[in-house]
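Reader: I would like a close look at one part of this model, with the rest of the chain as background. Keep it brisk, please.

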Amino acid sequence: HLPSEVLVECLNGLVDAQHLDPNDTVNFGEWVHSVFGAGIARHFMRPYNFKVWAHPLEMMSKRWISERVSVIDLKRVLANLVHQRDELSWGPNNTFKYPLYGGTGGLYERFVPYIRDHLRLNRELVEVDTETKRLRFADGGEDSYDVLLTALPIPELLRILRPIPGHLVDAARGLHNSHGLVVGVGVARPADTSKCWTYFPEPDSPFYRVTFLSNYSPKIAPEGHMLLLTETSYSEHKPEDRATIVDRVVDGLVATKLLRPEDRDLIVTTHTEQVDYFYPVPTLTRDGALAEIQPYLLSHDIYSRGRFGAWCYEISNMDHSVMQGVEVVDFLLEGRPEKTWQPPPTPVLRIETETVEAGSG
Ligand SMILES: Cc1cc2nc3c(=O)[nH]c(=O)nc-3n(C[C@H](O)[C@H](O)[C@H](O)COP(=O)(O)OP(=O)(O)OC[C@H]3O[C@@H](n4cnc5c(N)ncnc54)[C@H](O)[C@@H]3O)c2cc1C
């Protein structure tokens, strides 16, 4: 729980914010101030969101928020304080499904038997010729398409598109993404919490989120072990040193009391993934860029979908990304309109997230 002076600052800010209209705001930073007030903005929303997005909140739009940011009911906050009651099960992803075996990859492995004969993995696409509808791969292979459904990040797709109109290259400058360092830490003792994940706005850890992966499924780590997955973002606005990230993550786990100092000796493994395309940041320039790029691609029978193919954070979780692919196929085969992806400008969505797979990210 918050120290009392911070609690009062947050409550004061919330009360003051009742006089502000979020509709008058033009960016995410202003929206945060107007909805949550100065206190929560200062102590949680601003530092936390900068840690997640690695971009200034003033660069970001407020249109994507929908159900991704839980907003505040002041009367409920006051009632909870008076009754000294904790609000535990809120948010669209407070329950979710996860495979017992095989982690996230296990979900997709179950598709393989149905498509094995058509599946070619580890082939880098190096050219898409929109005039001849031919594809060229790094291994020298070629193929042709009638309709191309692609999840390549849009900038990567534009890099290999031939011909590439200059206005698309200009438009793509309006798309921004964060990069990430994901560090997994295996510890030879059981977790002393049943939590799934926790967020960290504070500067005493590089990560903004830690997931207790071994709580997702007992088959994820050997018995008696816990597996922590930490996520740290970086960008030109927020550099991070890759060489020291593991040490800083472990220090952060101790500083945030997820690990005890003596647990350092129980760390049996660490693993680092550097992820170039981490989060598609919903910046103010995004929808304008997509409004140029997507119609051009569609006019050449290219359906760019998925986390970085659609570049819409609000529909970029696994469940959304998979359904975007399913819905394109349904549209092509049966004429059923797509539901998850919508042509830009992206509408403000009420996203159905009753049961999601593995939280959100
Ligand atoms: C840190 C983090 C945490 C997340 N947490 C969650 C979560 O808890 N729950 C959830 O539902 N979702 C989560 N997600 C989102 C989830 O990972 C994505 O929704 C999903 O992976 C998107 O699938 P996709 O097929 O659209 O894109 P991707 O999985 O990115 O697939 C695109 C593929 O294109 C390939 N590619 C790129 N260029 C080429 C080329 N030239 N030739 C051939 N292939 C190429 C890439 O290698 C990649 O494999 C998280 C994402 C991140 C980064």
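Reader: How many disulfides does a search of the whole structure find? After that, please take me through the open sheet of five strands.

Author: The model is predicted, so read everything here as computed from that prediction. A search of the whole structure finds zero disulfides. Two cysteines can still be placed by exposure. Cysteine 10 counts as buried, because its relative accessibility is 8% and the cut-off for buried is under 20%. Cysteine 196 has a relative accessible area of 26%, so this residue is partly exposed. Cysteine 196 also leads into your sheet, as a contact of threonine 211.

Now the sheet itself. Its five strands run in the order E8-E9-E10-E7-E11. The pairing is antiparallel, and the sheet is open. Strand E8 (197-199) and strand E11 (267-281) are the edges. Each of these two has a single partner strand, so one side of each is left without a neighbour in the sheet. On average, neighbouring strands here are turned by 20° against each other, direction ignored.

Start at the E8 edge. E8 pairs with strand E9 (residues 209-212) in the antiparallel sense, over three bridges. Tryptophan 197 stands opposite threonine 211 of E9. A helix also packs on this sheet: H9 (residues 245-255). H9 touches strand E7 (176-187), E9, strand E10 (226-234) and E11. The direction of H9 makes about 65° with that of E7.

Threonine 211 deserves a stop. This residue lies in strand E9. Its relative accessibility is 4%, so threonine 211 counts as buried. Set aside the neighbours within four places in sequence, and its contacts are Cys196, Trp197, Tyr216, Leu227, Leu228, Leu229 and Glu231. Trp197 in that list is the residue that stands opposite threonine 211.

Next, the loop that follows the packed helix. Lysine 257 sits between H9 and E11. Most residues other than glycine have a negative phi. Lysine 257 is not a glycine, yet its phi is positive, at about 65°. With 72% relative accessibility, lysine 257 counts as exposed.

Glutamine 84 shows a positive phi too, of about 50°, and again the residue is not a glycine. Glutamine 84 is found in the loop between helix H3 (74-82) and strand E1 (96-97). Its relative accessible area is 74%, so glutamine 84 is exposed.

Where does this fit in the chain? The domain assignment gives three domains: domain 1 (4-82), domain 2 (103-174 + 283-357) and domain 3 (176-281). The centres of domain 1 and domain 2, taken over C-alpha atoms, are separated by 33 Å.

There is also a sheet of four strands to set beside yours. It is open, with the order E4-E3-E2-E6 and mixed pairing. Strand E4 (142-144) and strand E6 (161-162) hold its edges, each with a single partner strand, so one side of each has no neighbour in the sheet. Strand E2 (residues 125-129) pairs with E6 in the parallel sense, over two bridges. Valine 128 stands opposite leucine 161 in E6.

Just past that edge comes a backbone detail. Most peptide bonds are trans. The bond from arginine 162 to proline 163 is cis, with omega near -10°. Proline 163 is placed in the loop between E6 and helix H7 (166-172).

Two more helices finish the background. Glutamine 294 is in helix H10 (residues 286-299). Its relative accessible area is 1%, so glutamine 294 is buried. Beyond its neighbours within four places in sequence, glutamine 294 is in contact with Ile154, Ser304, Arg305, Gly309, Ala310, Trp341 and Pro344.

Helix H11 (residues 318-334) offers a geometry check. At 1.5 Å a residue, its 17 residues should span 24 Å. The end C-alpha atoms of H11 are 24 Å apart, which agrees. The buried residues of H11 are Asp319, His320, Gln324, Gly325, Glu327 and Val328. Just after H11, glycine 335 takes a positive phi of about 75°.

Back to your sheet, in brief. E8 and E11 stand at the edges, H9 packs on the sheet, and threonine 211 in E9 is buried.

Note on methods
Residues are numbered from 1 along each chain as its sequence is written. This is a predicted model: local features need pLDDT of at least 70, side-chain atom pairs count only at pLDDT 80 or more; totals for chains, interfaces and linings use all residues. Side-chain values use heavy atoms; hydrogens and water are left out. Two strands pair if DSSP finds at least two bridges between them. Domain bounds come from an automatic or database domain assignment. The expected span of a helix is 1.5 Å times one less than its number of residues. Buried means under 20% relative accessible area, exposed over 50%, partly exposed in between (1.4 Å probe, protein chains only). Axes are lines fitted to C-alpha atoms, for helices over the stretch in contact, and angles run from 0 to 180 degrees between N-to-C directions. Contact means heavy atoms within 4.5 Å. A disulfide is a pair of cysteine sulfur atoms within 2.5 Å.
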